Amino acid sequence: MRHVPNALTLLRFLLIPVLVVLLAQQRYGAAFAVFFVSALSDFADGVIARRWNARSRFGAIADPLADKLTMLTVMLTLAAQGLLPLWLVAAILVRDLVIVGGALAYHYAIGRYDMAPTLLSKLNTALEFITLAVMLGSASGIVGARAAMPALFALLMSTTIASGAQYVWVWGRRATLHYAGRNPSTDR
């Protein structure tokens, strides 16, 4: 069981090119199914890692990367096809670049960090997944939710901004405390 979570994460990486091909061919029903399988494997990998204590440094890095690359692939392709608004895609990309840039800056300026997703970030990721799944389902005719999309876009936009701001606040505060000579993990 120890290696199953990492195998499931690798499966998600392998499904990304499949998604690209299906989306390029506008086979949204099949893309919806592959996207769903990817999400299920993510859920299973998390449950197995926690249940059987099969967590690893590789998994801690690769799992969120597989999630982000999967959603980024679907998001950019749907935006290029005119199915997602560019303002929403731009906001999500800016948030992710700020987080990655901040993590790299922290790593090189201060040292190693363990970035655990916050509850707000998890909500944002869940809303991003739901939005993409609903859009894929809608494009394929599986789900009739076009009328709900503007509200879903607005909700995703608000959690994108809020979670990005939260990461900037938390990690900026940790950096400030570090440079003030205080331990950021114990100083609240």
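Chat about a predicted helical model

Me: Hi! Which helix has the lowest mean pLDDT, and which the highest?
Reply: Helix H3 (residues 57–80) has the lowest mean among the elements of the protein chain, 92, and helix H1 (residues 4–24) the highest, 96. pLDDT is the predictor's confidence in each residue, from 0 to 100. Helices here are DSSP runs (H or I, at least four residues), numbered from the N terminus.

Me: And what does the protein chain average?
Reply: The average pLDDT is 91, and 97% of the residues score at least 70. This is a predicted model, where local features need pLDDT of at least 70, side-chain atom pairs count only at pLDDT 80 or more, and totals for chains, interfaces and linings use all residues. Residues are numbered from 1 along each chain as its sequence is written, and side-chain values use heavy atoms, leaving out hydrogens and water.

Me: New topic: is Thr160 buried or exposed?
Reply: Thr160 is buried, as its relative accessible area is 2% (buried means under 20%, exposed over 50%, partly exposed in between, with a 1.4 Å probe and protein chains only).

Me: Where is Thr160 found, and what is it in contact with?
Reply: Thr160 is in helix H6 (residues 149–179). Leaving aside neighbours within four places in sequence, Thr160 is in contact (heavy atoms within 4.5 Å) with Ala91, Ile92, Arg95 and Asn124.

Me: Nice. Which helix has the lining's largest share in the second largest pocket?
Reply: H4 does, giving seven residues to that lining.

Key
Helices (H or I, at least four residues) and strands (E, at least two) are DSSP runs, numbered from the N terminus.
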